[in-house]
Amino acid sequence: MLFNSYEFFVFLGFFYAAFLVLRKCLTARNTLLLCASYVFYGWWDWRFLSLIALSTLVDYGVGLALRRRFEEDQPRRGWDRACLALSVSVNLGLLGVFKYYDFFVVSLVESAEAVGVSLDVAVLNIVLPVGISFYTFQTMSYTIDVFRRKAEPESNLLTFATYVAYFPQLVAGPIERASSLLPQFRRVLPLSLSSVQVGLYLILFGLFKKVVLADNAADIVNTVFTPDGGLASNVSGWETMIAIYAFAIQIYCDFSGYSDIARGLGKMMGIDIMVNFSMPYLARGPREFWRCWHISLSTWLRDYLYIPLGGNRRGPLRTYINLFTTMLLGGLWHGAAWTFVAWGALHGLYLAAYRLGEQFWPKHAETRPAPAALLIGVMQAALFFHLTCLAWVFFRADTFAVASEAITRVLQFLSGGWLDVLRVRGRMTLGEEQLAIFAIVAGCVVLGHFVGRVWNPYVFVRGHWTLRGLWYAVLALGILFFGVRGGEQFIYFEF
């Protein structure tokens, strides 16, 4: 069930009416939330509900097993580590079987064939369960935090199951921490008119991002990167470059749009879900980018992978290795393909290179006059945006050959200047309407980034009614007249 589908809004209407009736009774409210979440997830394939149930029961049991020592503040022993190992093994085992088994088997067979060895290993050909990477990481963070005594163990199975399966953020995050989201299911929460207004605004804005900006950009991307996994044969280098920019817009508006809708749905129930994006394309470097992009994942990788590996506590070389390893595994988390690994590796190299470069950056750089500092900041943001786009090529391409061809075409265009545009003017693959749409969509994203940096977006929620009405009308009319109906599912549903 997609947030941008008619079925979802029918489901939401019935659910919210029942929620308003039952919200003051904690058990009834959580029962409704859990049932609605299972219906929402089971809409794709009810059989995969068993995986959520398994992850829920295992981690609930591990939390109970750790509860006594948590309450008595006893030192951690072998039993506690065994319980944690069980939780991590089950969750990573689910990911390994359903997401990575076929990938590693095929890679092993191909590597063996390259050296003349023939292997006969069966593949499973299992459909990837929607959102499995998100809810396994969320439940795993709970047991790790309980083990570290950063989260309180949950004794009520209904409460814990609701935390795991909460439908607004179930299939594409944000990956919520137990210390933040779980307590909200332990008590009856107040619901104010202001919260509902903010929720409706976030849902409307998120839908606008998805169906108007992301899905229109997707049409341009899919013209160049064809559905069969290749690259259109007759596109020029500058059209390929436009498609890469369009994909940067598509994935940002698609994913941040989903996160906005999820937060809006939570607000309408009086539940706070974390902010997952904060104008990432204004970032001047990789560290700032990962503080603004998919914040729930980047902080998860920092707290549960980078810091346990040693972080920056064991010298510069080990720090670079830890950064690279963390982003390499972060790339693999996104998908079972070497192109995702390459995407993560590039971001790992960016983090290491920028960290190394900071040692040579002038110490007085931050004391420059405001105009010079602004100009330097714009140049840094532009440079890193293009480095980000380079990495997006590997994220979007199905194979290294496709990624290589796309990059080659762009480099040929840049080396040949505008002659490439003149040569293909009469036989462009991208139509004039698509180019106009790209210009409008790109303009909206750029304007949104800069307005969001200098202006509190909640002025559109809590400002004068005329300003609110005008803005809501713009969003609603944009969805009505320019939204793509029957558009693609959210990109991160694949992960």
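The following paragraphs lead through a predicted model, starting inside the nonpolar core and ending at a patch on the surface.

The largest nonpolar core counts 149 residues, and among these F15, W293 and Y492 touch the most other members. Helix α9, which runs over residues 237-268, gives the most to this core, with 18 residues. To see what surrounds one of these well-connected residues, look at Y492: once its neighbours within four places in sequence are left aside, Y492 is in contact with F134, V171, A172, I251, D254, F255, W293, H294, W333, H334 and F395.

Two of the residues in contact with Y492, W333 and H334, lead us to helix α12, where both are among the buried residues. The buried residues of α12 also include T319, Y320, N322, L323, T326 and M327, together with G330, G331 and L332. Helix α12 covers residues 316-334, and because each residue should add 1.5 Å, its 19 residues should span 27 Å, which agrees with the 27 Å between its end C-alpha atoms.

Another contact of Y492 is H294, which lies in the loop between α10 (286-290) and α11 (295-309). Is H294 buried or exposed? With a relative accessibility of 0%, H294 counts as buried, because the cut-off for a buried residue is a relative accessible area under 20%. The backbone of H294 also deserves attention, since H294 has a positive phi of about 45° although it is not a glycine. Most residues other than glycine have a negative phi. A positive value is also found at R149, whose phi is near 65° and which is likewise not a glycine. R149 lies in the loop between α5 (132-148) and α6 (157-165), and with a relative accessible area of 26% R149 is partly exposed.

We can now turn to residues in helices and ask what they touch. L213 lies in helix α8, which covers residues 193-224, and L213 counts as buried because its relative accessibility is 6%. Leaving aside neighbours within four places in sequence, L213 is in contact with F208, C253, V441, C444 and V445. How far apart in space are L213 and Q250, which are 37 residues apart in sequence? From C-alpha to C-alpha, L213 and Q250 are 7.0 Å apart.

Helix α17, residues 432-454, holds Q434, which at 14% relative accessibility counts as buried. Not counting residues up to four places away in sequence, Q434 touches D219, I220, T223 and T429.

Helix α4 offers two residues to set side by side. C83 has its place in this helix and is buried, with a relative accessible area of 8%. If residues up to four places away in sequence are not counted, C83 touches V62, A65 and L66, while the C-alpha atoms of C83 and L64, which are 19 residues apart along the chain, are separated by 9.9 Å. L108 is also found in helix α4, which covers residues 78-114, but L108 is partly exposed, with a relative accessible area of 48%.

L108 brings us to the surface, where V97, Y101, L108, V115, V117, L119, V121, L124 and I126 form a nonpolar patch. Together, the residues of this patch have about 710 Å² of accessible area.

Definitions and conventions. Residues are numbered from 1 along each chain as its sequence is written. This is a predicted model: local features need pLDDT of at least 70, side-chain atom pairs count only at pLDDT 80 or more; totals for chains, interfaces and linings use all residues. Side-chain values use heavy atoms; hydrogens and water are left out. Patches are made of residues with over 30% relative accessible area and no salt bridge: like charges are joined within 9 Å, nonpolar side chains (Val, Leu, Ile, Met, Phe, Trp, Tyr) within 5 Å. Accessible areas come from the Shrake-Rupley method with a 1.4 Å probe; for residues, only the protein chains shown count as cover. A salt bridge is a side-chain nitrogen of Lys or Arg within 4 Å of a carboxyl oxygen of Asp or Glu. Helices (H or I, at least four residues) and strands (E, at least two) are DSSP runs, numbered from the N terminus. Buried means under 20% relative accessible area, exposed over 50%, partly exposed in between (1.4 Å probe, protein chains only). A nonpolar core is a set of buried Ala, Val, Leu, Ile, Met, Phe, Trp, Tyr and Cys residues joined through side-chain atoms within 4.5 Å. Contact means heavy atoms within 4.5 Å. The expected span of a helix is 1.5 Å times one less than its number of residues.
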